[in-house]
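Visitor: I should like to understand how the terms used for this structure are justified. May we take them one at a time?

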Amino acid sequence: MSWVDYIFVYAIPLIAVLMVPMNLPVGLIYLERRICAFIQDRAGPNRVDFPLIGRAGGLLPGGLLQPMADAIKLLTKEDITPARADKVLFNLAPLFSLVPPFVAFAVIPFSRPYAYTDTAGAVHPVAMQAANPEIGMLFILAVLSLSAYGIAFGGWASNSRYSLLGSLRASAQMISYEVGMGLALLSVFMMTGALNLQDIVTYQAEHGWYVLTLPGALAFLMFMICAFAENNRLPFDMSECESELVGGFHTEYSAMKFGMFFQGEYIAMTAMSAIMVALFFGGWHIWGMEPNPATGWAASSLWVVLFSIAVFFGKLLVFIWLYIQVRWTLPRFRYDQLMDLGWKGVIPISIGILVFQAIWLAWKEGNF
Amino acid sequence: MVAADQHSDHASQSQPTPDDPTESLWVQAYIPAIVKGLANTLRRIVFSDRFTIEYDGTGDKSDPKKHYQTREGYRGEHYLKRDERGEVKCVACFMCAAACPAVCIHIEAEDAPDDWPDRDKRPKRFEIDLLRCIYCGYCEEACPVDAIALSKTYNIIATTREQKVYDMRKLLELGDREAKGKSIGPAEGDRRGPRPTMRG
């Protein structure tokens with residue numbers, strides 16, 4: 001392989017994937033603030049427009065550069081570390097919140113593979129995916145669990161009761177809901193027989209989206225509940241609880257360290273949405289985008305591959321929208337209700353789906 | 001529109017509640033309630049009017065879409081009126097200063113010129129400290145010659161404390177503006193001002 005091939009096979013997919021968690025939260029913060037404002041019959045941020053072109057004569061909505069203004073504010077604000085805080089953990093916690101969701105993006109397949117022929121004549125499947133390990137989904141679960149440390153450290157190191165209570169609740173919540181999430185995912189793995197995300201998506205492209213089957217729809221519902229809980233978004237934002245715990249685990253954080261928690265939350269939200277799209281909603285597949293029967297999935301034109309990226313992002317945006325809208329629609333659960341729902345609701349139902357799925361698959365293959 | 005929605009929500013008593021143990025599992029799982037809530041917020045996003053009014057320091061203050069219209073009886077920035085000669089109407093009787101519960105009016109009197117037959121005194125210095133003022137309007141009520149009044153102006157902006165202490169020149173200037181009708185009155189027949197429907 002020459003250096004040009006390295007660029008096409010490794011560098012471009014890597015950079016393209018990295019751009020997603022880098023840039024999406026910026027837009028999401030704007031989107032969240034505007035949607036919330038419209039729901040509450042307000043205007044929302046609409047003053048910070050582009051220099052020179054402004055709103056381009058009414059073509060653009062106002063305030064598109066508001067996230068930039070927010071970022072400048074966060075970067076220039078005074079960064080306070082409480083006097084009796086554990087300095088090391090206090091500084092480490094925002095990183096634990098920000099980095100794991102970033103890493104999770106590495107294995108998400110944003111497009112279908114494109115057969116790239118290098119200068120030596122060898123064919124490489126290239127997709128908008130940084131890495132394609134066989135344990136794909138397991139990797140995501142492992143990495144995303146790490147973000148619980150960010151919340152636990154943040155609350156513990158702040159030396160504040162509010163923070164500690166918030167992080168205690170959130171840690172317990174994340175650990176509880178990870179069980180239900182894993183169980184809900186098992187039925188996906190059982191159906192597709194793969195952990196590799198590209199394989200899971202390809203399976204759905206060939207056999208129909210998993211959410212369109214009965215166990216798939218139920219598993220998706222369970223997974224979605226767990227995903228909201230994992231991301232500490234309303235109605236499960238036990239970690240923050242503005243009405244009771246001031247700001248929860250990040251009460252004592254200021255300036256960009258708070259910004260990193262904030263950004264981490266949005267990136268995790270995007271990552272979870274991407275996982276939901278890939279596991280249940282057929283990833284980059286849309287009807288009418290079938291492979292050439294003679295050549296299979298790998299041989300498709302570059303335009304089809306680019307279109308598959310657009311399809312994936314379209315689905316991604318639907319879930320992000322849902323995240324935001326749910327936040328401004330539903331009130332927060334009480335802590336005991338949350339635990340009830342997790343242990344007595346989600347986990348038994350997920351096990352039920354699993355058993356049903358197992359029996360159904362065995363019956364379909366005639367193994368009874 | 002908002003009020004009508006809320007009213008109809010309360011009016012329909014027959015709708016199923018998730019807390020009712022006799023309801024079906026579907027209802028008890030809050031699923032219809034959540035879907036209804038999401039539909040409501042989606043309707044808000046797509047169709048709703050905007051309730052708030054954008055603050056716009058440069059816009060036309062008489063435009064109810066750009067400037068909040070205070071309701072009847074609102075007490076804002078003070079001003080002093082002029083008499084027929086164009087001189088200050090105040091007779092330096094100190095009634096307003098005595099009535100003021102916040103002790104924010106400071107007057108120094110001097111003898112009026114001999115060719116002013118209607119009064120003995122006039123104010124040499126008349127200052128209102130708006131940082132102390134509680135906008136109770138007692139000064140306006142106490143004034144025997146109707147010289148001081150409170151306008152409807154609510155956006156009183158200053159960058160230093162000194163700017164918030166209004167002297168007689170400033171108060172008369174505001175009075176002139178008020179006399180020309182440049183101040184903002186209440187909107188006709190609407191206590192809260194009309195609701196704009198624009199978005200931006």
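Guide: Let us begin with residue classes: Ala, Val, Leu, Ile, Met, Phe, Trp, Tyr, Cys and Pro count as nonpolar, Asp, Glu, Lys and Arg as charged, and the others as polar. The model to which these classes are applied is predicted. In the lining of the largest pocket, 29 residues are nonpolar, five are polar and four are charged.

Visitor: Which residues lie nearest the centre of the largest pocket?

Guide: A:I225, A:L341, B:A29, B:Y30 and B:I34 lie nearest the centre, out of 38 lining residues. Ala, Ile, Leu and Tyr are on the nonpolar list, so these five residues belong to the nonpolar class. The volume of this pocket is about 1,500 Å³.

Visitor: Which elements supply at least two residues of that lining?

Guide: Chain A supplies them through α8 (214–230), α11 and α12 (335–364), and chain B through α2 (25–28) and α3 (31–47). The most comes from α8(A), with eight residues.

Visitor: What makes A:R327 and A:E32 a salt bridge?

Guide: The rule asks for a side-chain nitrogen of Lys or Arg within 4 Å of a carboxyl oxygen of Asp or Glu. The side chains of A:R327 and A:E32 meet at 3.4 Å, N to O. That value falls within the 4 Å limit, so the pair qualifies. In general, side chains of opposite charge can pair when their charged atoms come close.

Visitor: Why is this pair said to tie parts together?

Guide: A:R327 belongs to helix α11 of chain A and A:E32 to helix α1 of chain A, so the salt bridge ties together parts 295 residues apart in sequence. Over all chains, the count by this rule is 17 salt bridges.

Visitor: How many salt bridges are counted between chain A and chain B?

Guide: The count between the two chains is zero. Three residue pairs are, however, in polar contact between chain A and chain B. The elements giving two or more residues to the side of chain A that touches chain B are α1 (3–39) and α11 (302–327) of chain A. By class, that side has nine nonpolar, four polar and five charged residues.

Visitor: How many residues does each chain bring to the contact?

Guide: Chain A brings 18 residues and chain B brings 19. About 1,500 Å² is buried between the chains, with 60% of it on carbon and sulfur atoms. Of the area that chain A buries against chain B, 38% is supplied by A:F38, A:D41 and A:Q325, more than by any other three residues.

Visitor: What makes a space a cavity rather than a pocket?

Guide: In a cavity, a 1.4 Å probe fits but cannot get out, whereas a pocket is an open set. The structure holds four cavities of 30 Å³ or more. The largest has about 260 Å³ of space. Among its 20 lining residues, A:S97, A:I151, A:N231, A:N232 and A:E265 are the closest to its centre. Its lining draws its largest share, seven residues, from α10(A).

Visitor: How do the linings of the largest and second largest cavities divide by class?

Guide: The largest cavity is lined by 10 nonpolar, seven polar and three charged residues. The second largest cavity, with about 80 Å³ of space, has B:C90, B:C93, B:C96, B:F126 and B:C143 closest to its centre. Its lining has 15 nonpolar residues, with no polar and no charged residues. Cys and Phe count as nonpolar, so the five central residues agree with that division.

How values were computed: Residues are numbered from 1 along each chain as its sequence is written. Chains are lettered from A and ligands numbered from 1 in the order in which they are written. This is a predicted model: local features need pLDDT of at least 70, side-chain atom pairs count only at pLDDT 80 or more; totals for chains, interfaces and linings use all residues. Side-chain values use heavy atoms; hydrogens and water are left out. Contact means heavy atoms within 4.5 Å. Buried area is the accessible area (1.4 Å probe) that two parts lose on being put together, summed over both. A polar contact is a pair of N or O atoms within 3.5 Å; within protein, one must be able to donate a hydrogen and the other to accept it, and residues adjacent in sequence count only if both atoms are side-chain atoms. Helices (H or I, at least four residues) and strands (E, at least two) are DSSP runs, numbered from the N terminus. On a 1 Å grid over the protein atoms alone, a cavity is a set of points where a 1.4 Å probe fits but cannot get out, and a pocket is an open set with protein on both sides within 12 Å along at least five of seven lines; lining residues have an atom within 4 Å of a point. Grid points are joined across faces, edges and corners, and a volume is the space filled by probe spheres set on the points.
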